[in-house]
Amino acid sequence: MSTEIEREFTFLINELPADLDKFPSKIIEDNYIPASAEHPVIRIRRSGDKLMITKKYPVDSIDDGQSGDSSHQVEHTIDLARAEYDFLNQLDGKKFKKRRFFYEIDNCLAELDIYLDKLAGLVVIDFEFNSEEEMQKFKKPNFVGADVTQEILTAGGVLAGKSYSDIADELLEKYNYHPVTGVEKYEESK
């Protein structure tokens, strides 16, 4: 099992970068459990060829991961064998699929997530940092939209099981965010 602290900022993307296709990507499928939780923090994940179960929550959370500073997260990950993954992924959970690009901007590697299927239209980018100093020096690139690091609406466990229409009005009202078009080409076949 690995445990790490993630330091990250998350932003909405209003349109896909023109050079996106030159960067590597993979499909990620998440199943957040239990389905009965409003904001589950445990996920069964297929990330490309890797299979795992992860519990991710804010470092300063005092309520089972439901709140706290989302820019600093504890992540416990256990790799799974195929049989373990297949069994656990049958659990009643809330699911989504996305394509993650490993996008480089200004010598900084970012993870750009294009949500697929029912969440198609939502695109976010995470910038991760190795230290507090690195995080404090970060300057938001011009091409990114609103900072949603602390926005519960875009947290993975809250997004899971929803469709874009479930979040569209709130994204429009809070951030003047419109769905990104042209994401269909990033389905599994790429």
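The following conversation examines salt bridges and pockets in a predicted model.

Visitor: Why is the contact between Lys 185 and Asp 21 called a salt bridge?

Guide: A side-chain nitrogen of Lys has to lie within 4 Å of a carboxyl oxygen of Asp, and because the N to O distance between Lys 185 and Asp 21 is 3.4 Å, the pair meets that cut-off. The two residues belong to distant parts of the chain, 164 residues apart, with Lys 185 in the segment after α4 (164–175) and Asp 21 in the loop between β1 (2–12) and β2 (25–33).

Visitor: What makes Lys 185 exposed, and why is Asp 21 called partly exposed?

Guide: Exposed means over 50% relative accessible area, and Lys 185, at 52%, is therefore exposed. Asp 21 has a relative accessibility of 41%, which falls between the cut-offs of 20% and 50%, so the term for Asp 21 is partly exposed.

Visitor: How do you know that Glu 75 and Lys 56 form a salt bridge, and where do they lie?

Guide: Their closest N and O atoms are 3.8 Å apart, a value within the 4 Å cut-off, so the pair counts as a salt bridge. Glu 75 lies in strand β5 (residues 72–79) and Lys 56 in strand β4 (residues 50–58), so the pair ties together parts that are 19 residues apart in sequence. Both Glu 75 and Lys 56 are buried, which means that each has under 20% relative accessible area.

Visitor: What makes Arg 82 and Asp 86 a salt bridge, and how exposed are they?

Guide: The N to O distance of 3.1 Å is within 4 Å, so Arg 82 and Asp 86 qualify. Both lie in helix α1 (residues 82–88), four residues apart, about one turn of the helix. Arg 82 has a relative accessible area of 48% and Asp 86 one of 36%, so with both values between 20% and 50% each residue is partly exposed.

Visitor: Which residues are joined into one network by salt bridges that share partners?

Guide: The network consists of Glu 6, Glu 8, Arg 43, Lys 56 and Glu 75, and these residues also lie nearest the centre of the largest pocket, among the 48 residues that line it. That pocket has a volume of about 900 Å³.

Visitor: Why are five residues in the lining of the second largest pocket called charged?

Guide: Asp, Glu, Lys and Arg count as charged, and because the lining includes Asp 106, Glu 128, Glu 134, Lys 137 and Lys 139, the charged class has five residues.

Note on methods: Residues numbered from 1 in each chain as written. Predicted model: local features only at pLDDT ≥ 70, side-chain atom pairs only at ≥ 80, totals over all residues. Heavy atoms only, no water. Buried < 20%, exposed > 50% of the residue type's maximum accessible area, 1.4 Å probe, protein only. 1 Å grid on protein atoms, 1.4 Å probe; cavity = no way out; pocket = protein on both sides within 12 Å on 5 of 7 lines; lining within 4 Å. Points joined across faces, edges and corners; volume = space filled by probe spheres on them.
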